[in-house]
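Colleague: Please take a close look at a single strand and its surroundings. I would like one connected account.

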Amino acid sequence: MSRGYLGNTQATERAFVPDPLDGTRRCYRTGDRVRVRADGLIEFLGRLDDQVKVRGYRVELGEVAAACRALPGVREAVVLAVGAGNQRHLAAWLVPAGDQPLDIKAARTALRADLPSHMVPTALTAIPAVPLTPNGKVDRAALPQPSAQVAAERVTPSTETERHIAAVWQEVLELPDADLDVDEDFFALGGDSFRALRAARAIDPDLRVIDLFTRPTVRDLALFLDGPAERDTRLLQRLAGPAQGATVGLTVLCVPYAGGSAASYGPLAAELAARHPDAEVLALEPPGHDPARPDEVMPSLAELIDGCRDELAGRDGPILVYGHCVGTATAVGLALELEARGTELAGVVLGASFPTARLPGRLSSLVDRWFPSDRWTSDRAYREVLSALGGQLEEATEEAVIRGVRHDVRQAVDWFSARLGTPEAARPRTPVLCVIGDRDRTTELSEERHAEWYAFADRVDLARIPDAGHYFVKHQAGELADLISGRITDRRAADTAPGSTPTAAPARPGRPAGQDLRDLRRFGLLALSQTILLTGASLTAFGLGVWVYQRTHNVAYYSMITMLALLPAVLAAPLGGAVADRYERRKVMLGCTAVYGTALAALTAVAAAGALQVWQIALFAGLTSLTAAFQRPAYLAAVAQLVPKPYLTQANGVAQLGTALSTLIAPVLGGALITLAGLSGVIALDLVGLAGGAAVLLAVRFPDRLFRRRRETFGSAITGGWRFIVRRKPMVAMVVFFVVVNYITATTTVLTAPLVLSFSTPAVLGLVTAAGGLGAAVGGLAMAFWGGTRRRADGMIATTVGMGLATALIGLRPAPVLMGIGLFLWWALNAVLNAHWLAIIQAKVGLELQGRVVATNQMLATAMMPLGFLLTPVLNEHVFGPLVSGHHVFQAVLGNGPNRGMGLLMITGGLLLSCWGVLGLRYRPLRRIEDRLPAIPTGSVISEDLDVLQGQADALQDEAETAALSPAAGGAARH
């Protein structure tokens, strides 16, 4: 029994879950975050509900409270996060240990010395005792209003510059009119990156945001502004280190991630300074990345490396270089330069990244020159990827960050491509430590992929940070500092060991010269053969559909063949993915090729004997659709085995391009072939391609590389996705909306081929069908450049209106050009619709849960499509056909012909689809889905249990619904 759960089914399901071991008992989610150690003991790491985000950083309230209790004269402390959004900050209530009043200013100074700036409470309030509830918990409502006022005397601004800075701070931070203390920390008073940008612009047009981060008090910033004019020329910013004039025993240089700045290393610098007081922490501030200076020119990666090398010249003691994400390219390049100059390196640490390069060869270079990915990808797409990884983007700085990301990614890819293309290139002699977050999707398969750094170093070690995402440099700075500190300690121990000479660890050889090229040639051969196979299969499917309709003139038969060609692939797709996960991909592909080849040979024999019948074609269509459900996921998974991981992104694009080309080429080629050589010519060409594909599969051996496996079974995914959807009414509305859309679509689009063949030739049908494939490609490219409507739901729903009108256009007149235009528009709008739908899922579901929610959405949305395929011939034969033949008005509008009932059915279905879209735009729960569903950010600590993550998402939904219904919240919002 537990208080508070009676009658609350949703809360009970979230808190009391089946025992993960045997499922026979119930377990209670305590909310404690723990780690099971190797010795079997459980280490308590804190409370999940005590983790808050302040200024984009994860903060453990218990850790801050412990630091407050450790202050002299403090007996008890309570720390809470107050405010919301950009106004969110920490407040602390301190209970004195004796009768003497607390020195709040001294307490604040002590906390600044012990904690990173984002963990220092903005407000410190002395209270006689902590108020408690009857259950013994802190009574938060009884705590007095937090006060940021300092009890001790203030040092007021005295110079003109100090007064100007203080006035700007008062305006930006919305502080009282009283004078500020010149030693108050801007960020401890509630500042963040957005306010820092506003303050920098208001204080001095030449001031950088990083200048405010490195000099966060009125006094320090005024001294900086009144200093020498050459203050803006340095690339390296000092974040921590010994006092001025003290000996620096070690320099740690940090290179930021894509679009980042030196300020992102503030937490890490504080952690390293606490562990190594003699270490000076520097961070690179790349020109052009400061939102206060949007017109600043961004230097190339080579120029950055040269500039850092020159600024480091003359430094005593060893240097440790750390690079995060794409900053690893700059870090490795700088390490090479420093070693070439004779500088002692304490280590090279590379975080959250593996080398990423373009495919080698002239063709790849030409494509990159003509169609650079960083230019045809929209800002919105970049923003969504960064958000999914846990990046914090604010409207005022977003443009500058994305501009920096584009530049940094391109520079890193260019550098890695050049180095990997030069096997004899020098490598750093200093050992490399590769650090990844256990829950970072960008560094999956780290057990294998970390070895890619052997192309750049003689020794590579791997370290993982548990439950960490991509930006662990901010959220798990302590854990990262421990790993870096271990490198420093090991190096110093080796240097000071009596009678020993530091020696490098045994070198592990990199990949043999030319091995990557051989693997890529094998992949190219396989990709070409699979494209030919797909094209041949599409040719045969096209030819059989034409043969069925031309021989029978029966829409029911054609509709049945179409359904059997689609439905088994959809239903068996989860099973096909599971097989690709568990069995050797090459054997799966060979098995599918053998099954398809046997069925095709049998079909060829029957056709040659003149005994081909519709039921045989239906059986063939269903069987080949089923094999495709296994062959396609096996092929896509095989790409990850054949291709060296640095080239994997482009290789996946090549594989997808082959599929797209087959949908464009097959209809045109099929239409011409069936006219010139008949069905036998189409099948013969498919057999030739099949034989070539099988030969390639027999000849090519797949390397034993790791690949990503599914995290849960299909049943678990569907169950979890169902719980997620039904918990959210707007998502239920979206599923219902698409059930109707797909039903109408299935009812109408299956008529396109019979409608064209009723008055024209297979060659014309091939051209009309290819127009649809071209439309899909254009729609996808348009979304890549454009990014979609401001409200994704508007774009998602409105495109259904356009798709309905395009459907009506296809059925309007027996004119191939008009039908081709209609089909082009339909597929282009369909691509736009799917992109908007997927963007909503990605923004409102969360990265880790998207697989289960997408799978359930697709299953539910396509559930009615078979009924649409089956109902189409009934409607055509018994309703719309007789309606057209019996009314001259319809004949005058739609044209004469025995099959114009199909045209009227398409027009009717198209208009119904458009009306459904209009209704969707007027239905507020659907149109406002983005407002009613809270964004689920990628957490700083990411659980491996998807049910835990879904419980956290449900809690966010509860908070959003409570806030929406709360009169107080409504009043605050109106105010």
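Modeller: Leu253 of β11 has Val321 as its bridge partner in β13. This is a predicted model. The pairing between β11 and β13 (residues 319-324) is parallel and runs over five bridges.

β11 also pairs with β12 (residues 279-284), again in the parallel sense and over five bridges. Here Leu250 of β11 stands opposite Ala279 of β12. Between these two strands the chain passes through helix α8 (residues 266-275), and the β-α-β crossover is right-handed.

Now burial. β11 spans residues 250-255, and six of its six residues are buried, so the strand is largely enclosed by the rest of the structure. Buried here means under 20% relative accessible area. In a regular strand, side chains alternate between the two faces of the sheet. In β11, both faces are covered. Leu250, Val252 and Cys254 are buried on one side. Thr251, Leu253 and Val255 are buried on the other. Leu253, the partner of Val321 in β13, thus belongs to the second group, with Thr251 and Val255.

For context, look at another sheet. Three strands form an open sheet in the order β7-β8-β9, with mixed pairing. Its edge strands are β7 (74-82) and β9 (123-126), each pairing on one side only. From one strand to the next, the twist averages 20°. β7 and β8 (residues 89-96) pair in the antiparallel sense over eight bridges, with Val74 opposite Pro96 of β8. Helix α2 (residues 61-69) lies across β7 and β8 and runs at about 150° to β7. Helix α3 (residues 104-114) packs on the sheet as well, touching β8 and β9. The direction of α3 makes about 135° with that of β9.

How values were computed. Residues are numbered from 1 along each chain as its sequence is written. This is a predicted model: local features need pLDDT of at least 70, side-chain atom pairs count only at pLDDT 80 or more; totals for chains, interfaces and linings use all residues. Side-chain values use heavy atoms; hydrogens and water are left out. Buried means under 20% relative accessible area, exposed over 50%, partly exposed in between (1.4 Å probe, protein chains only). Helices (H or I, at least four residues) and strands (E, at least two) are DSSP runs, numbered from the N terminus. Two strands pair if DSSP finds at least two bridges between them. A crossover is right-handed if, with the strands pointing away from the viewer, the path from the first strand over the helix to the second runs clockwise. Axes are lines fitted to C-alpha atoms, for helices over the stretch in contact, and angles run from 0 to 180 degrees between N-to-C directions. Contact means heavy atoms within 4.5 Å.
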